[in-house]
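Got your viewer open? Let's take a walk through this protein, one selection at a time.

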Amino acid sequence: MDYQPDKATFELARKEFPRVTWYKQKGMRGVYVRLFFVVLTSATSGYDGSMMNGLQILPQWEKSFHHPSPSHIGLLLCIMSVGSLVAIPFVPYVADGLGRRRGVMVGCMIMLLGVLLQGMGFNFGMFVAARFIIGFGVTIAHGSSPMLITELVHPQHRGIYTTLYNALWYIGSIVAAIPSIVQGFPSILQLMFVWTVPESPRWLIAKGRNEEALTVLANVVRIEYHEIEQTIKLEQEFEGNGWTELFKTPGNRHRVIILIALGFFFSMKQLYINGILSICNAVVAIGMCFFVDRLGRRFLFLVSTFGMLIMFTILTICAAEYVKAKEKGAATAVIVMIFLYYVCCNLAWSGLLVGYGVEILPYRIRAKGITLMFLCVDIALFFNQYVNPIALHAIAWKYYVVYCVWLVFECAVVWKFFIETRNTPLEEIVRHFDGEDATLGGLLATEKSKKLVEKTELSPIAPVHSDDSLDVNGRSVVQREKI
């Protein structure tokens, strides 16, 4: 069913429920406002990426570090990615062991330590160490933030809110001209407010704290609670959560292909951009957040990727023409194509990188799967920062042909493997990958899961009417039936 904002109902678990207006419900309004501070993790990352580009053009910065050589600048640009790579193995254990909220808090505290050292920056070595620590902390926070958002928001709003998360990367890049010490401001805000955000109900259920989870889910239809409870219990009883689980089943291998593609394909698009382009990117990326449910994830990825292929191919032709004939019109066309390329990129890749990556993963491997995706992002960024400048210097515009071929490969992977997940509750997305082998509790449980339920001591599902949903006190909005 297409997303229709003028309808009084929305679809969940193949049933119709009253549409929820989040700002009219006190409990939901409070949670969503506080979740905004979790979203700041992405803005912090965007700030750092653009800040280093800005610092290099400042005479005062060059003088302070005695005019660093190209190799030293390359080290500064990549050291944050190194910190991220070192942090990667710890991400799933922090998120699953300590909880999503504490994961954000731990990451923020580590990053603040790095920002303090960076702000002091007495010498080059200290500055490098500070950026390593910042990369480590951002990755820890970045590993928990999107899962907390995805697992906490109402299913009606999941697409918009999770897509908005990564799209705000550009907001950080826009304000990156501010001195480096200000980079710690978002983390300070996060530490002040993230503890007021409810913990992920899925993490609470996984830890046996069901009553707390039910309280958190008071703003969500009751059917989702039963699906979460039974699905997680079945996963804990009959499924593993080790790293090998990512490759054991056809469905999980399908997910891994998508996660690796998201990581590598997204990072190959992070070129150096100026402030005007950052503003353009932010407008497009944030604007598209409100269309992910209406247009669909797969459609947006296809339009975005094929659009980038077309724009980059034209850009390559114009660049070659400029080199050969020195035509000013060709140079202007290159600039125009760069803008259009990023417009196409931001139709999907900027926002859906995290939103789509998180929602296609079942709970038991969600943290590890997202960790794998971020590992691919960091590897690709590390490659870009070292190989691209060397290749461009060696063969100039001809290196663009490599990216044209790469974009053809991206289009093929997106067309073959990326599937549609809109209007599907988080637990039910497993059906798209695993079919009847999916581990899914609730009313829509597969035959396999129903048999597994019989082997456990899970309580039967209370009858749920298609028009039932809960208010902030846990009472049915329509029938006021007590839980």
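## Stop one: a buried charged pair

Begin by selecting arginine 297 and glutamate 359: both of them are buried. Keep in mind that you're looking at a predicted model. Now show the side chains of arginine 297 and glutamate 359, and you'll find them meeting in a salt bridge, 3.0 Å from N to O. Arginine 297 sits in helix H17, while glutamate 359 belongs to helix H19 (residues 349-359), so this pair ties together parts that are 62 residues apart in sequence.

Stay on arginine 297 and add aspartate 293 to your selection. These two also form a salt bridge, and their closest N and O atoms are 2.7 Å apart. Is aspartate 293 buried or exposed? Aspartate 293 is buried, just like arginine 297.

## Stop two: along helix H17

Next, color helix H17, which covers residues 297-325. Pick out phenylalanine 299, which has its place in this helix. Phenylalanine 299 has a relative accessible area of 44%, so it counts as partly exposed. Now add Phe290, Phe291, Leu295 and Val303: together with Phe299 they form a nonpolar patch on the surface. Switch on the surface view here; the patch has about 440 Å² of accessible area in total.

Still in helix H17, select threonine 305. Its relative accessible area is 0%, so threonine 305 is buried. What does the side chain of threonine 305 reach at 2.7 Å? That's the backbone oxygen of phenylalanine 301. The threonine 305 side chain also makes a polar contact, at 3.1 Å, with the side chain of tryptophan 349. If you set aside neighbours within four places in sequence, threonine 305 is in contact with Trp349, Leu407, Glu410, Cys411 and Val414.

## Stop three: little helix, mixed company

Jump to helix H13, residues 245-248, and click on phenylalanine 247. With a relative accessible area of 46%, phenylalanine 247 is partly exposed. Beyond its neighbours within four places in sequence, phenylalanine 247 is in contact with Asn252, Arg253 and Val256.

Now select glutamate 245 and lysine 248. They form a salt bridge, with the closest N and O atoms 3.3 Å apart. Both lie in helix H13, three residues apart, which is about one turn of the helix. Why does that spacing suit a pair? An α-helix has 3.6 residues a turn, so residues three or four places apart point the same way.

Check how covered each partner is. Glutamate 245 has 8% relative accessibility, so it counts as buried. Lysine 248 has a relative accessible area of 54%, so it is exposed.

## Stop four: a ruler along helix H6

Select helix H6, residues 124-152, and draw a distance between its end C-alpha atoms: they are 42 Å apart. Why does that agree with what you'd expect? Because its 29 residues, at 1.5 Å a residue, should span 42 Å. How many of the 29 residues of H6 are buried? The count is 26, so H6 is mostly covered (buried means under 20% relative accessible area).

## Last stop: the salt bridges

Finally, display the salt bridges: the structure holds nine of them. You've already visited several, including the one between arginine 297 and glutamate 359. To finish, select Asp96, Arg100, Glu151 and Arg366, which are joined into one network by salt bridges that share partners.

Methods. Residues numbered from 1 in each chain as written. Predicted model: local features only at pLDDT ≥ 70, side-chain atom pairs only at ≥ 80, totals over all residues. Heavy atoms only, no water. Patch = residues over 30% accessible without salt bridge, like charges linked within 9 Å, V, L, I, M, F, W, Y side chains within 5 Å. Areas by Shrake-Rupley, 256 points an atom, 1.4 Å probe, with all protein chains shown as cover. Salt bridge = Lys/Arg side-chain N within 4 Å of Asp/Glu carboxyl O. Helix = DSSP H or I, 4+ residues; strand = E, 2+ residues; numbered from the N terminus. Buried < 20%, exposed > 50% of the residue type's maximum accessible area, 1.4 Å probe, protein only. Expected span 1.5 Å × (residues − 1). Contact = heavy atoms within 4.5 Å. Polar contact = N/O pair within 3.5 Å; in protein donor to acceptor, adjacent residues only side chain to side chain.
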